[in-house]
Amino acid sequence: MSAFWITLLLLLLAACVLFLAAGWRQRQASAGDRDRLNQRFYHQRLSELAEDEEQGVVAERPVMERELQQTLLADIPPTQTAQAHSSSRWILLPGLIVLLLVSLGTYLKVGGLAQLTGWMQVQQDYPALRARLMDPAAKPLTMEELARLQLGLRSALQSEPDNLNDWTMLGRLGMVLNNASIASQAFERALQLAPNDPGLKQDYAEVLTRSSDPQDNRQAALLLHELLKADRHNLRTLGLLAFNAFEQQQYDQAIDAWQTLLTLLPANDERRVMIARSIEQAKTAAGQQSSQLALSISLTPQAEKILPQGGVLYISVTDGVSPVPVAVKRLPLSHFPLSLTLDDSNAMMPDRLLSAQHQLQVRARISRDGSANARSGDWFGLSAVMPWDGHQQMAVEINQQQP
């Protein structure tokens, strides 16, 4: 970094030297031009006097030549010339100061000094951050520290462009920091150095699958099919292929990949639940899921008498264990009894589908002001927890008032 500051100082010094040289030369040139002009005028007048004497116009030529000499000496007094040269040097000083101030001010304003200072600090911290990342017993890096490590790693790769481990680390840091551009470029470079590494291919395919560009998604699919040919039982490849197919709306292919995963995973593997829900979600998206909850909602006469104007009906379905709803529907108040259906399109979260539940409990509430949170005085009804196979019909009566 010292080379940068030395270069900056040398450039400023060169600019000052050029400014002083140009100003000094201009002063000297102007004085020299005036002297040459006076001398030319003097010799021209001498020639004219000689011609006038030959023609008999001038009778006292020597006297007039002395007067010309005196006029020339008066125009270029030696003491004044020396003073002019001396004063011209000090005239350049304010310009030199302005040049330095403008140059430094412009650099401080638009030269990225803060970014440069931050980068220099990252360069100093990089070895310690990398050592912490590699030490399993060390305190985990924060997201900010990971971002600084990524910058330091990119700088280090400028001097070691063939370091496979560093390119791989940079790609994985890009994935953690959700920087798809850096991750993609890093894994692409790593694959140039190790084209047959299946782990790098999986990493690259994952980055391409996450991309919003359909072309990247298709490229990831080709890469994953190539990996699957080499190892048909690789769990990570199957999972990436299923997710990639789902994102491209190739639901049958996604379902096949997830079902293959279920056959390969142990019976007690926690991932089986998530994969089963993903299969149900893919079936619903493909129109293969016929599970629907048919609801009939009625009111007691007392509740019906005081229906609020502009009220809202909230219907929430839970699994009877967790209070977090599996499905929710919001409707303006209408005539009762009311019949409606709910399906996976009403799911609160894509990983908790209505079709994947085995028991349900339904709550219906009338909100007087449209608030999603229960308020004192709201009327509601709650069904019993009932087993559900995707085809039963349930009824709820709104017969209680919120205390």
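**Exercise 1. Take stock of the whole chain: how many helices and strands does the protein chain have?**

Solution. Start with the secondary structure: the protein chain has 13 helices and nine strands. Keep in mind that this model is predicted. Next, look at burial: of the 403 residues in the protein chain, 34% are buried. Then turn to the surface, where the accessible area of the protein chain is about 24500 Å², and carbon and sulfur atoms account for 56% of that area. Finally, consider the contacts between residues at least 6 apart in sequence: 56% of them join residues at least 24 apart.

**Exercise 2. Find out where Q361 sits: is Q361 buried or exposed?**

Solution. First, locate the residue: Q361 belongs to strand β5, which covers residues 359-367. Second, take its relative accessible area, 18%. Buried means under 20%, so Q361 counts as buried. Third, list its neighbours, leaving out residues up to four places away in sequence: Q361 touches S316, V317, T318 and G320, along with L382, S383, A384 and V385. Last, zoom in on S383, whose backbone oxygen lies 3.0 Å from a polar atom of the Q361 side chain.

**Exercise 3. Decide how to read the model: what is the mean pLDDT of the protein chain?**

Solution. Begin with the average: the mean pLDDT is 80, with 73% of residues at 70 or more. Now look at residues 79-87, where pLDDT stays under 50. For this stretch the model has four contacts beyond four places in sequence. To finish, apply a general caution: where pLDDT is low, predicted coordinates should not be read in detail.

Definitions and conventions
Residues are numbered from 1 along each chain as its sequence is written. Side-chain values use heavy atoms; hydrogens and water are left out. Helices (H or I, at least four residues) and strands (E, at least two) are DSSP runs, numbered from the N terminus. Buried means under 20% relative accessible area, exposed over 50%, partly exposed in between (1.4 Å probe, protein chains only). A polar contact is a pair of N or O atoms within 3.5 Å; within protein, one must be able to donate a hydrogen and the other to accept it, and residues adjacent in sequence count only if both atoms are side-chain atoms. Contact means heavy atoms within 4.5 Å. pLDDT is the predictor's confidence in each residue, from 0 to 100. Accessible areas come from the Shrake-Rupley method with a 1.4 Å probe; for residues, only the protein chains shown count as cover.
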